[in-house]
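Dear colleague,

Please find the structure below, handed over for your own inspection. My account of what was found in it follows.

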Amino acid sequence: IDLTFYKFQINDKEITEREAILEVISDLEYVMEYYDSDDNDLIKEAQRRVANAYMILGVIYPTLWW
């Protein structure tokens, strides 16, 4: 599978499908780590990251055929 074939314009940057998938994974790892935190700033960052992950998934979803 060539994860560099598709390119996407996300957050004013052109990134490959591979880079998009890695960003989604990174964001969701952060969410799993800090969403239940007592620190309000960490919770807000986790909320921002989960929104970003779902936005990216929405953009790349049509290419995730494999």
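I begin with a contact between a charge and a ring: Arg-49 lies over the face of Tyr-30, at 4.0 Å from the ring centre. Please bear in mind throughout that this is a predicted model.

Tyr-30 is buried, with a relative accessible area of 17%. Its partner in an aromatic pair is Tyr-34: the ring centres of Tyr-30 and Tyr-34 are 4.7 Å apart and the planes stand at 50 degrees, so the pair is tilted. Both tyrosines belong to helix H1 (residues 17-34), where a spacing of four residues separates Tyr-30 and Tyr-34 by about one helical turn. Tyr-34 has a relative accessibility of 31% and counts as partly exposed.

Arg-49 also takes part in salt bridges, of which a search of the whole structure finds three. Side chains of opposite charge can pair when their charged atoms come close. In one of these bridges the side chain of Arg-49 meets that of Asp-27, at 4.0 Å from N to O. Arg-49 lies in helix H2 (residues 40-60) and Asp-27 in helix H1, so this pair ties together parts that are 22 residues apart in sequence. Arg-49 and Asp-27 are both buried.

Glu-45 is the partner of Arg-49 in another bridge, with the closest N and O atoms 3.0 Å apart. Glu-45 and Arg-49 are both in helix H2, with four residues, about one turn of the helix, between their positions. Glu-45 forms a salt bridge with Arg-48 as well, and here the closest N and O atoms are 2.7 Å apart. Arg-48 and Glu-45 are three residues apart in helix H2, again about one turn. As for exposure, Glu-45 is partly exposed at 22% relative accessibility, and Arg-48 is partly exposed at 45%. Taken together, Asp-27, Glu-45, Arg-48 and Arg-49 are linked in a network of salt bridges.

A further distance relates to helix H1, which contains Glu-29. From C-alpha to C-alpha, Glu-29 and Ala-46 are 9.5 Å apart in space, while 17 residues separate them in sequence. Glu-29 is partly exposed, with a relative accessible area of 48%.

I turn next to the N-terminal part of the chain. The search of the whole structure finds two aromatic pairs. The one formed by Phe-5 and Tyr-6 has ring centres 5.0 Å apart and planes at 85 degrees, so this pair is edge-to-face. Phe-5 counts as exposed at 59% relative accessibility, whereas Tyr-6 is partly exposed at 31%. Tyr-6 is placed in the segment before strand E1 (7-10). With Trp-65, these two residues form a nonpolar patch on the surface, and Phe-5, Tyr-6 and Trp-65 together have about 410 Å² of accessible area.

Tyr-6 is also one of the residues touched by Thr-16. Thr-16 is in strand E2 and counts as buried, at 12% relative accessibility. Leaving aside residues up to four places away in sequence, Thr-16 touches Leu-3, Thr-4, Tyr-6, Lys-7 and Phe-8.

The loop between E1 and strand E2 (13-16) holds Asn-11, and Asp-12 is placed in the loop between E1 and E2 too. Asn-11 has a positive phi of about 55 degrees although it is not a glycine. For Asp-12, likewise a residue other than glycine, phi is positive and near 60 degrees. Asn-11 is partly exposed, with a relative accessible area of 48%, and Asp-12 is exposed, at 76%.

Finally, some values for the chain as a whole. There are two helices and two strands, and from the N terminus on the elements run β-β-α-α. The C-alpha trace spans about 40 × 25 × 15 Å along its principal axes. The chain has 66 residues, of which 27% count as buried. About 4,900 Å² of the chain is exposed, and carbon and sulfur atoms supply 53% of that area. Among contacts with a separation of 6 or more, residues 24 or more positions apart account for 44%.

With kind regards

Definitions and conventions
Residues are numbered from 1 along each chain as its sequence is written. This is a predicted model: local features need pLDDT of at least 70, side-chain atom pairs count only at pLDDT 80 or more; totals for chains, interfaces and linings use all residues. Side-chain values use heavy atoms; hydrogens and water are left out. Patches are made of residues with over 30% relative accessible area and no salt bridge: like charges are joined within 9 Å, nonpolar side chains (Val, Leu, Ile, Met, Phe, Trp, Tyr) within 5 Å. Accessible areas come from the Shrake-Rupley method with a 1.4 Å probe; for residues, only the protein chains shown count as cover. Buried means under 20% relative accessible area, exposed over 50%, partly exposed in between (1.4 Å probe, protein chains only). Rings of Phe, Tyr and Trp (its six-membered ring) pair if their centres lie within 6.5 Å; planes under 30 degrees apart count as stacked, over 60 as edge-to-face and the rest as tilted. A charge sits over a ring if NZ of Lys or CZ of Arg is within 6 Å of the ring centre and within 35 degrees of the ring normal. Contact means heavy atoms within 4.5 Å.
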